[in-house]
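I opened this model to see what I could look up in it. My notes follow, in the order I took them.

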There are 2 protein chains.
Amino acid sequence: MTTSNIETTPVFFSDIEQAAQRLDGVAHRTPVMTSRTLNEICGCEIFLKCENYQRMGAFKFRGAYNALSQLDDEQKKCGVITFSSGNHAQAVALSGKLLNIPATIVMPKDAPKVKLNGTKGYGAEVLLYDRSEEKREEIAKEIQEERGMVLIPPFDHPHIMAGQGTAAKELFEDVGPLDALLVPCGGGGLISGSAISANHFSPECEIFGVEPEAGNDGQQSFKSRQLVSIPTPKTIADGAQTNSLGHLTLAVMLKHVKQMLTATDDELIRTMFFLYERMKLVVEPTATLGLAPVFNKNLDLSGKRVGIILSGGNVDLKALGNLFSTI
Amino acid sequence: MTTSNIETTPVFFSDIEQAAQRLDGVAHRTPVMTSRTLNEICGCEIFLKCENYQRMGAFKFRGAYNALSQLDDEQKKCGVITFSSGNHAQAVALSGKLLNIPATIVMPKDAPKVKLNGTKGYGAEVLLYDRSEEKREEIAKEIQEERGMVLIPPFDHPHIMAGQGTAAKELFEDVGPLDALLVPCGGGGLISGSAISANHFSPECEIFGVEPEAGNDGQQSFKSRQLVSIPTPKTIADGAQTNSLGHLTLAVMLKHVKQMLTATDDELIRTMFFLYERMKLVVEPTATLGLAPVFNKNLDLSGKRVGIILSGGNVDLKALGNLFSTI
């Protein structure tokens, strides 16, 4: 375990408003879905913000496009590079394609095929690395310096955080104030952006972050108020297999988040099965982190109005049968 | 193969309008979804009417609720009986629950578990039969007479057809006139109702019915203009494993449908995979019948505005991996 100091955040709600303007007509305004059965099971009124219907299948498009569209002409010409377990990769690739910016992506060899193929399909150059032996940050940095490219980090950047915050902005605009908001947490880009939007629209709303139990670095960082780094966790929530939060994301979380929770893989699978069977939603395991604590009765929000962000839907469909056969 | 005479239809657009009033606030007004990628692949502008998001997971709720809500007090007290491969069963069960009418359902032993469980979950009595040895119509008729129940047939009834027509009514209200409408076809309840709505809103719209290739009784009936009956077909499209159209449905189809098409199981799986992977929609094999001919380039609708009804989403999720592993 290593720790480091925390920086203060430079992200304000006005940044999220500007991001929303950049994304207007480019990103989808995703639907909010509800279910009588889900409300009965959980004992509260749940609003699911369906980012699985976002372009390239996850909220990550919001942050990437917001970041890439702010580059200057020289930067756009040299291109961008990033490292990602998958969805941020596709997000940068698609944003690059739309903005005519060359994109290079450093991806783990064991990333889901649907994410690898998606990234290549958007025309990006893909460089594979071994998750257990190499550090993606170092590989990316080396190539970045060599080629003069701009590094687009997956979460710890004000433009990324502001872009991700537009999803919760839309949710509050659509359903009004909420008592609680639950958000999947990997590096903290989505939850920090969401928290800033929540604070603007619904200051009383309690924000909960949810991580895979096997990778609770965020919970540790939140508790110790210092950035805690862990080895890559083993979990089906591949979008939250991060080693640590970021300096900027943790700063926002310490200010606005009420509690960090965790969910086991079994809980994620049960939650996921419900979303497929009863709500007909194709979601990826990571996307179910927000709903899992409520669905599995680990968090009591009886009678409350609860927003939950379903972060994405890029799942290996051929492996679904195996996943669901365990329940 | 057996044939019989065709009766004329007693279903008018005013019946669909009245059905829509009965369903208002009870059935979901399901979303219409679109995809740039799908339009590029198919070369036309496609509007998917997502009845997988209907209550109990399929359009069948519309017809069943419309029929049950028109029973008189004495009939409601005695209860209803029906036979169904699955979705109509759940539709009658849920409608019975909502209207406080006892419901008995005759279902095949090999119906998908999700449909069996759903039907029981809505509080209906379920009687199982062997598809290959027994005739569901006969079993249902026997119990109906014994208990004085009203038989609610799965498709060949004016109230059922009028209820099913409300899905296409909503589609035209939402997207305006269309050049073509493709509809899955089992017994013809959905396509006959859809055709009457299309004829009202968009008289130039060409209607196509799509059946599983293994069970093309509808195509045969349409060609010979007589009701053709076939043995139960083997196909993954379990919602279209009907033996024949109905007298009433065929009459409407002969008047309004341009052509009857078929799709192979392989074509259905490829279409289904796209809907899951790229559009994040949980659909059942039968639901993909309408899209299959366009997606697999068996029908050229280049440059046209095309409506397609995705009929339902009640699929055996644990079997999905096997299904998708074949492509």
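Leaving aside neighbours within four places in sequence, which residues is B:Pro158 in contact with? I counted contact as heavy atoms within 4.5 Å. The answer is B:Pro10, B:Val11 and B:Leu248.

**Ground rules.** This is a predicted model, where local features need pLDDT of at least 70, side-chain atom pairs count only at pLDDT 80 or more, and totals for chains, interfaces and linings use all residues. Residues are numbered from 1 along each chain as its sequence is written, chains are lettered from A and ligands numbered from 1 in the order in which they are written, and side-chain values use heavy atoms, with hydrogens and water left out.

**B:Pro158.** I stayed with this residue. B:Pro158 lies in helix H8 of chain B. Helices here are DSSP runs (H or I, at least four residues), as are strands (E, at least two), and both are numbered from the N terminus. Is B:Pro158 buried or exposed? It is partly exposed, with a relative accessible area of 24%. The scale I used calls a residue buried under 20% relative accessible area, exposed over 50%, and partly exposed in between (1.4 Å probe, protein chains only). I also checked B:Gly63, which is 95 residues from B:Pro158 along the chain. Their C-alpha atoms are separated by 9.2 Å.

**Helix H11 of chain B.** B:Leu248 led me to this helix, as one of the buried residues of H11(B). The helix runs over residues 247-256, and 7 of its 10 residues are buried, so it is largely enclosed by the rest of the structure. Besides B:Leu248, the buried residues are B:Thr249, B:Leu250, B:Ala251, B:Val252, B:Met253 and B:Leu254. What covers them? The cover includes helix H8 (158-175), helix H9 (189-201), helix H10 (217-224) and strand S9 (257-263) of chain B.

**A:Phe61.** Next I moved to chain A. A:Phe61 lies in helix H3 (residues 60-68). At 0% relative accessibility, A:Phe61 counts as buried. Beyond its neighbours within four places in sequence, its contacts include A:Leu23, A:Val26, A:Ala27, A:Met56, A:Ala91 and A:Leu98. I compared sequence and space for A:Phe61 and A:Glu40. They are 21 residues apart in sequence and 33 Å apart in space, C-alpha to C-alpha.

**Salt bridges.** How many salt bridges does the structure hold over all chains? It holds 18. The rule asks for a side-chain nitrogen of Lys or Arg within 4 Å of a carboxyl oxygen of Asp or Glu. I looked at A:Glu51 and A:Arg62, whose side chains meet in one (2.6 Å, N to O). This pair links distant parts of the chain, 11 residues apart: A:Glu51 is in the loop between strand S3 (45-50) and H3, and A:Arg62 is in helix H3. Both A:Glu51 and A:Arg62 are buried.

Another bridge joins A:Lys169 and A:Glu173, with the closest N and O atoms 2.8 Å apart. They are 4 residues apart in helix H8 of chain A, so about one helical turn separates them. A:Lys169 is buried at 13% relative accessibility. A:Glu173 is partly exposed at 36%. I traced the links further: A:Arg29, A:Lys169, A:Glu173 and A:Asp174 form a network of salt bridges. In chain B, B:Glu173 and B:Lys169 also form a salt bridge, at 2.8 Å between the closest N and O atoms.

**The two chains together.** A turn of 180° and a shift of 0.0 Å along the axis lay chain B on chain A with an RMSD of 0.0 Å. That is the relation of a two-fold axis. The superposition is by least squares on the C-alpha atoms of residues with pLDDT of at least 70 in both copies. B:Gly321 comes closest to the axis among the residues of chain B, at 2.2 Å (C-alpha).

The contact takes 26 residues from chain B and 26 from chain A. I found that 100% of the interface residues of chain B are also interface residues in chain A, so the copies meet through the same surface. Across the interface of chain B and chain A the rule finds 0 salt bridges.
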